[in-house]
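Thank you all for coming; I would like to take you through one structure this morning, beginning with its aromatic rings and then moving to its charged side chains. Please have the sequence and the coordinates open while I talk.

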Amino acid sequence: MRALLFSLILSLSILFIDAASAVSEGDLAPDFTLPTLNGQESKSLSASQGKIRYLDFWASWCIACRVSIPDMIVLQQELGKERFKVIAISVDEWIDDATKFLSRYSMNYDNLSDPQGEIAEAYGLLAMPTSFVIDPEGWITLVHQGFKPGDMTAIRAHIDELLSLQPAEER
């Protein structure tokens, strides 16, 4: 009985330590370089420094991702690429699953691949999908876990506010 109790306490401690290490609002976003899903090139977060970024972690098996992806397409289309960038990271272990899933969408933003989950781990993901709004200097200003219809309204308002704060010479 003591062994079972010890095991339970240890497991809960690890869970809380992992949760405490999750990237939060106000933290500097960890940089990364990952291959695109088609494997033809690699992209880094730092390459888009100076833009507001919407970083989204997703997977083909994630039902909520089916709701968020069309909203991200609209977000990128409406905000353009000059001052804003959507970056999506698939955590699918099998790249074919991710590419098959995305084949039903007309993508207008970068989709990267993290099959070993190293970047997902660096960001401390606790739910799927999880998105991060990152300001032009690289600071996380919003963390959003899960996704349901209507969520993009609040996220978009936050992004619009960040865009309005950019100095006139950057507009």
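**Aromatic pairs and salt bridges**

The count of aromatic pairs comes to six, where rings of Phe, Tyr and Trp (its six-membered ring) pair if their centres lie within 6.5 Å, and where planes under 30 degrees apart count as stacked, over 60 as edge-to-face and the rest as tilted. One of them is the edge-to-face pair of F57 and F132, with 6.0 Å from centre to centre and 85 degrees between the planes. F57 lies in strand β3 (residues 52-58) and F132 in strand β6 (residues 130-134), so this pair ties together parts that are 75 residues apart in sequence; helices (H or I, at least four residues) and strands (E, at least two) are DSSP runs, numbered from the N terminus. Both F57 and F132 are buried, a word that stands for under 20% relative accessible area, with exposed meaning over 50% and partly exposed in between (1.4 Å probe, protein chains only). Ring pairs also link F32, F57, Y123 and F132 into a cluster.

Before going on, I should say that this is a predicted model, in which local features need pLDDT of at least 70 and side-chain atom pairs count only at pLDDT 80 or more, while totals for chains, interfaces and linings use all residues. Residues are numbered from 1 along each chain as its sequence is written, and side-chain values use heavy atoms, with hydrogens and water left out.

A backbone detail comes next. Most peptide bonds are trans, but the bond from M128 to P129 is cis, with omega near -5 degrees, and P129 is placed in the loop between α4 (118-122) and β6.

Turning to charge, the structure holds five salt bridges, each being a side-chain nitrogen of Lys or Arg within 4 Å of a carboxyl oxygen of Asp or Glu. Among them is the bridge between K43 and D110, whose closest N and O atoms are 3.4 Å apart, and which links strand β2 (residues 42-44) with strand β5 (residues 110-113), 67 residues apart. Which residues are joined with K43 into one network by salt bridges that share partners? They are K85 and D110, whose side chains meet in a salt bridge of 2.9 Å, N to O. In that network D110 is buried, at 15% relative accessible area, whereas K43 is partly exposed at 24% and K85 is partly exposed at 22%.
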